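The exercises below are meant to be worked with the sequence and the model side by side. Try each task before reading its solution.

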Amino acid sequence: MEVVVNKIIPFSSVDGPGNRTAIFLQGCNINCKYCHNPETRGMCQKCGVCVDKCPQNALEKRITATGEIEIVFKKELCVGCDTCIHVCPHDSSPRTSVMDEKMVFDEVKKQMPFIRGITVSGGECMLQPDFMTELFKLAKEANLSTMIDSNGTIDFSEKPELLAVTDSVMLDIKAFDCNDHHRITGANNDIVIKNAVFLAETGKLFEVRIVVVPDLYDAEQSVNDIANLLAPYNAQNNIRIKLISYRPMGVREEYKNLKVPDAKYMQKLSQILYNQGFSDVLVV
Ligand code: SF4
Ligand code: SF4
């Protein structure tokens, strides 16, 4: 099954336990105000805006024999200046690749002796459950662990085939309050909360990720509520909570001035979690 891949990072130590190959799929179903990779959100509309702006002539707009427009990316000319993604009016990138699970796994195999597993992220990778199921089957045959990094808006309980080959999940909870979540992302969080409980119950919730943006929502209340929700499950299976300080790098211009939380505030939030019995708390 083919998907659009934004990038593959051969070695990552921040996308789950151990050294992992991380695969980032193109396309997302929500729109976070502080998105750090807005170029992964949309699918390329082949408008050609980026082509003329590339200082290296690494992009070309062509018409195929069947009359379709294609944007050709010449990797060998690219210097990684990111001009193309900054000028794209569709939150996309011309540097993506269409790949099926076998092509992606061929890339994974290059690192095989040196990695513990693979992680699929996005965009929102749960938009491609069939692709992930097939990719994870290949990974399992090679004794690699399999992880999903998700915004939680798609119901995991409805994907049993995928979960059968998934070791664990890293789940974003952008805000516990539904109105806050909607304001930050444009989407409700009822499925996110349902997923948090479902994955915790089934022992597949490896990590909850909370981006702390004091200007956008009451993070203290949100962390409190998340801790109350998940503490009973943490007592059975350790759940890591990662508190991520908002940083303006990579975010869209209009949100660059949001306040960065200070160390004291982050410490206060982690203490709430320690008080509820969470011992695996990361502040980054
Ligand atoms: S990053 Fe984009 S704009 Fe910059 S050289 Fe590469 S293709 Fe061209
Ligand atoms: S990457 Fe963006 S700017 Fe470039 S062709 Fe696609 S939609 Fe247009």
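How many residues of each class, nonpolar, polar and charged, does the shell around ligand 1 have?

**Exercise 1. The two ligand shells**

Task: Establish the make-up of the shell around ligand 1, and then do the same for the shell around ligand 2.

Solution: Keep in mind throughout that this is a predicted model. Begin with ligand 1, which has 13 residues around it, those that come nearest being Cys 54, Cys 78, Cys 81, Asp 82 and Cys 84. Sorting that shell by class gives eight nonpolar, three polar and two charged residues. Turn next to ligand 2, which also has 13 residues around it, with Cys 44, Gln 45, Cys 47, Cys 50 and Cys 88 coming nearest. Here the division is eight nonpolar, four polar and one charged. For the class count, Cys is taken as nonpolar and Asp as charged.

**Exercise 2. Domains**

Task: State which stretches of the chain belong to each domain, and how far apart the C-alpha centres of the domains lie.

Solution: Domain 1 is made of two stretches, 3-38 and 101-283, whereas domain 2 covers 45-87. The C-alpha centres of domain 1 and domain 2 are separated by 31 Å.

**Exercise 3. The sheet and the helices packed on it**

Task: Trace the order of the strands in the open sheet, and then find which strands helix H8 touches.

Solution: Reading across the open sheet, the nine strands follow the order S5-S1-S2-S6-S7-S8-S9-S10-S11, with mixed pairing. At the edges are strand S5 (97-99) and strand S11 (281-283), each of which pairs on one side only. Neighbouring strands of this sheet are turned against each other by 25 degrees on average, if direction is ignored. Helix H8 (residues 219-234) packs on the sheet and touches strand S9 (205-212) and strand S10 (240-245), its direction making about 165 degrees with that of S9. Helix H9 (residues 263-275) also packs on the sheet, where it touches S9, S10 and S11, and its direction makes about 165 degrees with that of S10.

For the pairing itself, S9 and S10 are joined in the parallel sense over six bridges, and Arg 209 stands opposite Lys 242 in S10. Five of the six residues of S10 are buried, so this strand is largely enclosed by the rest of the structure. Elsewhere in the sheet, strand S2 (residues 20-25) and strand S6 (residues 117-121) run parallel and are joined by five bridges, with Ala 22 having Thr 119 in S6 as its bridge partner.

**Exercise 4. Pro 94 in its loop**

Task: Is Pro 94 buried or exposed, and which residues is Pro 94 in contact with beyond its sequence neighbours?

Solution: First place Pro 94 in the loop between helix H2 (83-87) and S5. Its relative accessible area is 8%, and because buried means under 20%, Pro 94 counts as buried. Leaving aside neighbours within four places in sequence, Pro 94 is in contact with Cys 50, Leu 59, Ile 71, Phe 73 and Cys 84. Finally, Pro 94 and Gln 45 are 49 residues apart in sequence, yet their C-alpha atoms are 9.6 Å apart in space.

**Exercise 5. Backbone exceptions**

Task: Where is the cis peptide bond, and what is the phi of Asn 143?

Solution: Most residues other than glycine have a negative phi, and most peptide bonds are trans. The cis bond joins Gly 122 and Gly 123, with omega about 15 degrees, and Gly 123 lies in the loop between S6 and helix H4 (129-141). Asn 143 has a positive phi, near 60 degrees, and is exposed at 71% relative accessibility.

Technical notes. Residues numbered from 1 in each chain as written. Chains lettered and ligands numbered in written order. Predicted model: local features only at pLDDT ≥ 70, side-chain atom pairs only at ≥ 80, totals over all residues. Heavy atoms only, no water. Near = heavy atom within 4 Å. Domains from an automatic or database assignment. Pairing = 2+ DSSP bridges. Helix = DSSP H or I, 4+ residues; strand = E, 2+ residues; numbered from the N terminus. Axes fitted to C-alpha atoms, helices over the stretch in contact; angles between N-to-C directions. Contact = heavy atoms within 4.5 Å. Buried < 20%, exposed > 50% of the residue type's maximum accessible area, 1.4 Å probe, protein only.
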